[in-house]
Structures are given as structure tokens and as C-alpha cells.
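Here's a quick briefing on the fold you're about to look at. Have the viewer open and follow along, topic by topic.

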Amino acid sequence: MRKSDKSIHNISIASIKRSTIKPYDFKWTKFYESNLDFTYQGLSLNLTEDELIICSTLIDGENYSILTTQKLITVENGKERAESLWGATDKGYGDFKGYKDDQVTFGLVELENGNDFKYLIETGKASMIMIHGVRTLIRTQKMTNQNIENVTRVWNRQNKKK
């Protein structure tokens with residue numbers, strides 16, 4: 001059963017807020033309460049009518065990853081790749097051991113067809129945004145709509161207490 005873009009967006013944002021330390025003012029990484037919050041010009045996202053932007057790591061116009069409720073888009077050195085995460089598996093979150101030297105790393109998912117797909121992650125505290133955005137989007141596939149609503153409600157209540 002297909003979940004609504006709104007319910008996927010709500011649980012993803014709740015998950016990101018639950019796992020990310022405030023303040024949320026990172027150099028390249030942001031999450032979006034609505035598509036209107038995405039203010040970057042010059043990027044052609046080609047979103048469907050109901051598709052919502054969850055989060056992004058945007059270094060420049062040639063290097064970025066954007067997670068939406070329907071796909072993950074990565075542009076590396078100007079070369080774009082966009083894939084649905086339906087049936088995907090989390091494979092890893094890059095090298096964080098030397099992150100003080102590197103400000104970005106790559107996370108990795110295995111797509112349903114077995115191919116690997118990488119995405120940019122800003123290191124440090126900002127990493128939780130992309131990691132939990134991708135992880136939650138993948139996990140929602142195994143959840144019912146009622147599960148998503150219940151978890152979102154609980155996480156939002158916990159986030160308000162913080």
C-alpha cells in the first residue's frame with residue numbers, strides 16, 4: 001500500500017528532529033518543513049505534484065544530494081543521478097573517523113536492482129539529517145499508514161519536550 005507523500009514527509013522530519021542536535025544551522029545540510037523552505041535557485045528538481053523535499057546536503061550547483069518523498073537525487077561533479085529508494089537497503093554512512101579533515105563523506109544504499117547509489121553527507125552533527133532522512137524513508141516501506149501516524153505523533157511529542 002502506497003503511503004502519502006505528506007505522511008512520509010512528516011515521519012522523516014520527526015525522525016530528523018529527534019536525532020539531530022540543535023541548533024540546526026549547518027553549513028551545507030538542511031531539512032525542510034515545506035517545499036517553500038527550499039530556496040536554492042538554478043536546480044531543476046522536476047518534482048511531481050505531491051512530492052515533498054525532506055532534506056539536502058548542497059555544497060554547490062555541481063555537488064549535492066536531495067532527498068524527497070519519492071527519490072534521492074545526487075549530483076557529483078555535475079553528473080546527476082536520481083533513483084527511487086523503493087526496495088532499497090541502507091549499506092553505510094561513509095568514513096567518519098577522519099571527519100575533522102573531511103567536511104563531507106558519502107552514504108551508500110543498495111537499490112532494489114542490486115546497484116549501489118551514493119549520496120553526500122556533511123560530517124559532524126549535520127550528518128544525522130541525511131542519515132535519518134534516508135533511513136526513515138527506507139523504513140517506512142515496511143510500515144502501515146497507522147504505524148507511521150502513531151510514530152510521528154510520539155516523536156513530535158518528544159521533540160517538543162526537548
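One bit of vocabulary before the sheets: two strands count as paired if DSSP finds at least two bridges between them. Keep in mind that this is a predicted model. With that settled, there's an open sheet of 5 strands and another open sheet of 3 strands, plus helix α2, which lies across strands β1, β2, β3 and β4 and also across β6, β7 and β8.

**How far to trust it**
- The protein chain averages a pLDDT of 89, and 94% of the residues score at least 70.
- Confidence peaks in β1, at 97, and bottoms out in helix α3 (residues 145–161), where the mean is 79.
- As a general caution, predicted coordinates should not be read in detail where pLDDT is low.

**The 5-stranded sheet**
- Its strands line up in the order β1-β2-β3-β4-β5, with antiparallel pairing.
- At the edges you'll find β1 (29–31) and β5 (79–83), each of which pairs on one side only.
- Neighbouring strands here are turned by 10° against each other on average, ignoring direction.
- Take β2 (residues 53–60) and β3 (residues 63–68): they pair in the antiparallel sense over 6 bridges, and I53 has T68 in β3 as its bridge partner.

**The 3-stranded sheet**
- This one runs β6-β7-β8, again with antiparallel pairing.
- β6 (89–92) and β8 (116–122) are the edge strands with a single partner strand each, so one side of each has no neighbour in the sheet.
- From one strand to the next, the twist averages 35°.
- β6 and β7 (residues 104–110) run antiparallel and are joined by 3 bridges; G92 has L108 in β7 as its bridge partner.

**Helices on the sheets**
- Helix α1 (residues 5–19) packs on the 5-stranded sheet, where it touches β1 and β2 and makes about 60° with the direction of β2.
- Helix α2 (residues 127–139) runs at about 140° to β2 and at about 145° to β8.

**Where α1 meets α2**
- The two helix axes come within 9 Å and cross at roughly 140°, and α1 and α2 are therefore oblique to each other.
- Their crossing is right-handed.
- On the α1 side the contact uses I8, I11, S12, S15, I16 and S19, while α2 brings M128, I129, H132, G133, T136 and L137.
- Sorted by character, the residues of this contact come out as 6 nonpolar, 6 polar and no charged.

Terms used
Residues numbered from 1 in each chain as written. Predicted model: local features only at pLDDT ≥ 70, side-chain atom pairs only at ≥ 80, totals over all residues. Heavy atoms only, no water. Helix = DSSP H or I, 4+ residues; strand = E, 2+ residues; numbered from the N terminus. Axes fitted to C-alpha atoms, helices over the stretch in contact; angles between N-to-C directions. Contact = heavy atoms within 4.5 Å. Parallel < 35°, antiparallel > 145°, perpendicular 65-115°, else oblique. Left-handed = near helix turned anticlockwise from the far one by under 90°. Nonpolar A, V, L, I, M, F, W, Y, C, P; charged D, E, K, R; others polar. pLDDT = per-residue confidence, 0-100.
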